[in-house]
Amino acid sequence: MINPTLGVCYYPEHWPEDVWEQDAARMAEVGIAYVRIGEFAWSRFEPTAGDLQFDWIIRAMDVLGRHGLKVVFGTPTATPPRWIVDKHPDMLAVDAQGRQKGFGSRRHYDFSHLGYRDEAARITRLLADALGDHPALAAWQTDNEYGCHGTTYSYSPAARVGFQRWLAEKYGTIDALNTAWGNVFWSMEYNRFDQVELPNLLVCEATPPHDLDFRRYASDQVAAFNRVQYDILKARRPDLPVIHNFMSRYTEFDHYDLAETIDIASWDSYPLGHLAVSAEPEEVKRQYMRQGDPDNAAFHHDLYRTVGHGRWWIMEQQPGPVNWAQFNPDPLPGMARLWAWEAFAHGAEVVSYFRWRQAPFGQEQMHAGLLRPDSEPAPAYHEASQVAQELKSVGLSGTANKGRVAIVFDYQSEWAWEVQPQAKGFSHSAHVRALYAAFRRHGLDIDILSPDTKSFEGYAIVAIPALFAWNDALRTAIAEFEGHLLIGPRSGSKTQDFAIPAKLAPDLPSNQLDLKVIRIDSLDPSLEIEVRGSGAIHHWRERIETKANVVIEDVEGWPVLVNQGKLYYLGGSGSKALVHRVVDHLIAEAGIDTLSLPAGVRCRTRDGVRIYVNYNAGPAVLTLASDETGYVLGAAELPPAGVAIARLATAG
C-alpha cells in the first residue's frame with residue numbers, strides 16, 4: 001500500500017521537447033508523484049507500419065525520472081492511426097442502425113475484430129520490450145476508457161461471427177439455445193448457430209435473452225481484449241501493476257469480469273460534466289452546478305474500490321471546466337481540492353489530475369488543465385499544491401474502513417432492465433444510487449458488493465435492489481446472513497435465462513420470505529401513489545401476496561415494505577422521501593449509530609480519521625462527534641467547498 005499522493009496526465013508529444021524539463025520540475029514542485037503518458041500517441045510511436053520511433057518517449061521518461069517522477073505508461077490502443085484502419089477497413093465498429101463508424105476521433109475499433117486485437121497486442125509487446133526496464137516506469141495503463149462514446153456494442157460482421165461462436169460454446173446444441181431463449185414463441189426456432197443474427201434492425205424487439213446474451217458476449221469481448229494486453233505486460237514486468245481507467249455511470253460491460261486482468265482499478269472523475277449529462281432533477285443541477293452531485297463521485301469511489309479488489313486510483317480528476325457537456329461551468333473555488341480529499345477518504349492511492357497543460361488545439365482545447373495554454377497556473381494548480389502539502393501534514397496510510405452498510409451492484413441487472421424496462425427509465429443503478437445517497441446522508445460508510453459475493457459477514461445492513469436474477473453465491477450469502485437485509489423491487493423476478501421463475505418473484509424460500517409478486521403496475525412518470533405516513537410510489541409498483549409483516553402500505557392498501565424477521569422487501573420505486581423513510585427504519589432496527597450532518601456535507605472514515613467535505617456553495621457547521629477527539633485539518637466551520645479532518649478516538 002502506497003501513501004496517498006497526486007498524479008497528472010501529460011502529453012510530451014504535444015509540446016516542444018525544450019519545455020519538458022521545465023514541466024517536470026514544476027510538477028515535482030507542485031507535489032506530483034505520478035505522471036501518466038503515452039495512451040494517445042500511437043501515430044508518433046509508429047507513423048507508418050513498422051517504422052518504430054520510441055526514442056522520443058524514452059527521452060521524455062528520462063526527463064520525468066530525473067525529477068523523481070514515476071511514469072504510468074498507457075498503451076495507445078484507443079487511438080489506432082489511420083494506416084491501421086487502411087490495413088483493416090472492417091475493424092471499424094457498426095452502430096445499431098447498421099452504419100459503419102469512421103476515422104477522425106478516437107475509440108474507432110470493434111472489440112470483436114481479431115485482426116485489430118492482434119495489432120493491439122503487437123504494439124503493446126513492442127512498447128513493453130522497449131520501455132519495460134526504464135527506471136521511471138512504475139505502472140501500466142491498458143488502453144483508455146473502454147467503451148467510451150458507446151463503443152462496447154458493435155453490430156458488424158466480425159461481431160456476428162463472434163457472437164455465433166460464443167453462443168455455440170455457451171449452449172453446446174442449438175436445441176439448448178432455442179429452449180433458453182423461448183424461441184418456440186413466434187416460431188423463432190433455429191436449426192444452426194450460424195443462422196443467429198445480431199439483435200438489431202429487427203421489425204420489433206428481439207426476445208429478451210437474445211438481447212441479453214449479445215450484451216454478455218460484448219462484455220466478454222472487452223474483457224478478452226484487456227486480457228491480451230495484461231498478459232503481455234505482466235510477462236514483461238510481473239512486478240508492475242496494470243491499471244485501467246473506467247468511467248462514471250458507464251455499465252455497458254461487466255467491470256468485475258474485466259478486473260480479473262488488472263491489478264488496480266481507476267476511474268475518470270468529472271463531477272460537473274457527469275451532473276450536467278445526468279437525469280438528476282433540474283433543481284439539483286442548479287444547486288450543485290459548480291460542485292457536482294454530492295453522492296455520485298463517492299459512489300464510484302466505493303464501486304471501483306471493489307472492482308480493484310481494494311486498490312484504486314483516480315486516473316483523471318477534473319481540474320476546471322470540461323469541454324464535452326452542453327454547459328461546462330467553472331468549478332466553485334476549492335472543488336479541485338475537495339474532490340481529491342473525498343477520493344482519499346474513500347481509499348484512493350493516487351488522484352491524478354487531467355491534464356497538466358490545457359491544449360490550444362484538438363478536440364479538447366476547451367478542457368482546463370493545471371496550467372493554462374500559456375503555461376501560467378490555472379486555479380487547480382494551487383489547489384493541487386495545497387493538497388500535496390496537506391497530505392504530508394496529515395500523514396494518511398492504509399485504506400478506507402469497511403462499511404457497516406453494503407449494497408449489491410450488478411452490471412447484468414442494468415442490461416436486463418434496459419432490454420425489458422416495462423416502465424420507461426427503470427434501472428438497477430438508479431435504485432442503487434438512491435439507497436446509497438439515503439444511507440450516506442447519515443454519515444455511514446458504505447461498501448459496494450459484486451453479485452458474486454458469497455458472504456455478507458461483518459455488515460449490519462445489506463441492500464439488494466432491482467437485481468435481475470439470483471445466483472448461487474447470493475442465495476448462500478442471504479441464507480447465512482445474520483444482519484438486516486433489504487431486497488427489491490423487482491429482485492429475483494427473472495431466471496438467468498430471462499424467464500419468469502416458476503415460484504414468481506422474488507423467488508426466495510418461504511422460510512426466508514413468504515411473499516410473491518403477482519402483478520406489476522408501471523406508472524406514468526407524472527403520477528404518484530401516496531404512501532400512508534409519508535412518501536410516494538412512482539414509476540414501479542408491485543402487487544404483493546404475502547404472509548409477512550406489512551411495515552408500510554400505500555393509500556390503496558398495497559403493501560410497500562414488508563418484513564419477515566430481519567429480511568425486508570420493498571415493492572416499488574419510491575420517492576426520495578420514501579427511500580429515506582425505508583433507510584431510516586432499517587438503521588433504527590439495526591441499531592446503527594449515525595451522524596447529524598448539515599445538508600450538503602458528506603464524510604467517510606479511513607486510517608483513524610473522518611474526512612468531511614462541504615458540497616454547499618455556502619458555509620456549514622459541524623458538530624464534533626462522540627468518537628472524535630478534534631480536528632487535524634480544518635475546523636468545525638466549513639467554508640464553501642471546505643474540507644475538515646477529525647481524528648477518531650480509536651482507529652478502525
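Q: Which residue just after H13 takes a positive phi?
A: That residue is Gly347, and its phi is about 100 degrees. Please keep in mind that this is a predicted model.

Q: What makes helix H13 "largely enclosed by the rest of the structure"?
A: Helix H13 covers residues 335-345, and 11 of its 11 residues are buried, so the helix is largely enclosed. Among these buried residues are Trp339, Trp341 and Phe344, and also Arg337 and Glu342.

Q: Why is the aromatic pair of Phe45 and Trp56 called stacked?
A: Two values settle this kind of question, since a pair of aromatic rings is described by the distance of the centres and the angle of the planes. A search of the whole structure finds 41 aromatic pairs. In the pair of Phe45 and Trp56, the centres are 5.4 Å apart and the planes meet at 20 degrees. The cut-offs are centres within 6.5 Å for a pair and planes under 30 degrees apart for stacking, so 5.4 Å and 20 degrees earn the name stacked.

Q: Which parts does that pair tie together?
A: Phe45 belongs to helix H2 (residues 42-45) and Trp56 to helix H3 (residues 55-66), so the pair ties together parts that are 11 residues apart in sequence.

Q: How do you know whether Phe45 and Trp56 count as buried or exposed?
A: Buried means under 20% relative accessible area. Phe45 has 0% relative accessibility and therefore counts as buried. Trp56, at 13%, counts as buried too.

Q: What makes the pair of Phe73 and Trp140 edge-to-face?
A: Here the centres are 6.4 Å apart and the angle between the planes is 85 degrees. An angle over 60 degrees counts as edge-to-face, so 85 degrees gives this pair its name. The pair links distant parts of the chain, with Phe73 in strand S3 (residues 70-74) and Trp140 in strand S4 (residues 137-141), 67 residues apart. Both Phe73 and Trp140 are buried.

Q: Why is S3 called mostly covered?
A: Four of the five residues of S3 are buried. S3 also has strands joined to it: four bridges join strand S2 (residues 32-37) to S3, and the two run parallel. Ile37 stands opposite Phe73 in this pairing. Another four bridges join S3 to S4, again running parallel, and the partner of Gly74 in S4 is Gln141.

Q: How do you know that S9 and S11 count as paired strands?
A: Two strands pair if there are at least two bridges between them. Three bridges join strand S9 (residues 405-408) to strand S11, so the pairing holds. One of these bridges matches Val405 with Ile461 in S11. S11 is also joined to strand S12 (residues 484-487), by four bridges and in parallel, with Ala463 opposite Leu486.

Q: Which way do the residues of strand S11 point?
A: Ile461 and Ala463 point one way, Val462 and Ile464 point the other way, and all are buried. This fits a general pattern: in a regular strand the side chains alternate between the two faces of the sheet.

Q: What makes the peptide bond between Gly488 and Pro489 worth a look?
A: The bond is cis, with omega about -5 degrees, whereas most peptide bonds are trans. Pro489 lies in the loop between S12 and strand S13 (515-522). The bond from Ala505 to Pro506 is cis as well, with omega near 5 degrees, and Pro506 is placed in the loop between S12 and S13.

Q: What phi does Glu145 have, a residue other than glycine?
A: Its phi is near 50 degrees, a positive value. Most residues other than glycine have a negative phi. Glu145 sits in the loop between S4 and helix H6 (157-171). At 7% relative accessibility, Glu145 counts as buried.

Q: Why does His309 count as exposed?
A: Exposed means over 50% relative accessible area. His309 has 61%, so it is exposed. His309 has a positive phi too, about 55 degrees, although it is not a glycine. Its place is in the loop between helix H12 (296-307) and strand S7 (312-317).

Q: How do you know that the charged end of Arg490 sits over the ring of Trp417?
A: The charged end of Arg490 is 3.6 Å from the ring centre. The distance cut-off is within 6 Å. Arg541 also lies over the face of a ring, that of Trp558, at 3.7 Å from the ring centre.

Notes. Residues are numbered from 1 along each chain as its sequence is written. This is a predicted model: local features need pLDDT of at least 70, side-chain atom pairs count only at pLDDT 80 or more; totals for chains, interfaces and linings use all residues. Side-chain values use heavy atoms; hydrogens and water are left out. Rings of Phe, Tyr and Trp (its six-membered ring) pair if their centres lie within 6.5 Å; planes under 30 degrees apart count as stacked, over 60 as edge-to-face and the rest as tilted. Buried means under 20% relative accessible area, exposed over 50%, partly exposed in between (1.4 Å probe, protein chains only). A charge sits over a ring if NZ of Lys or CZ of Arg is within 6 Å of the ring centre and within 35 degrees of the ring normal.
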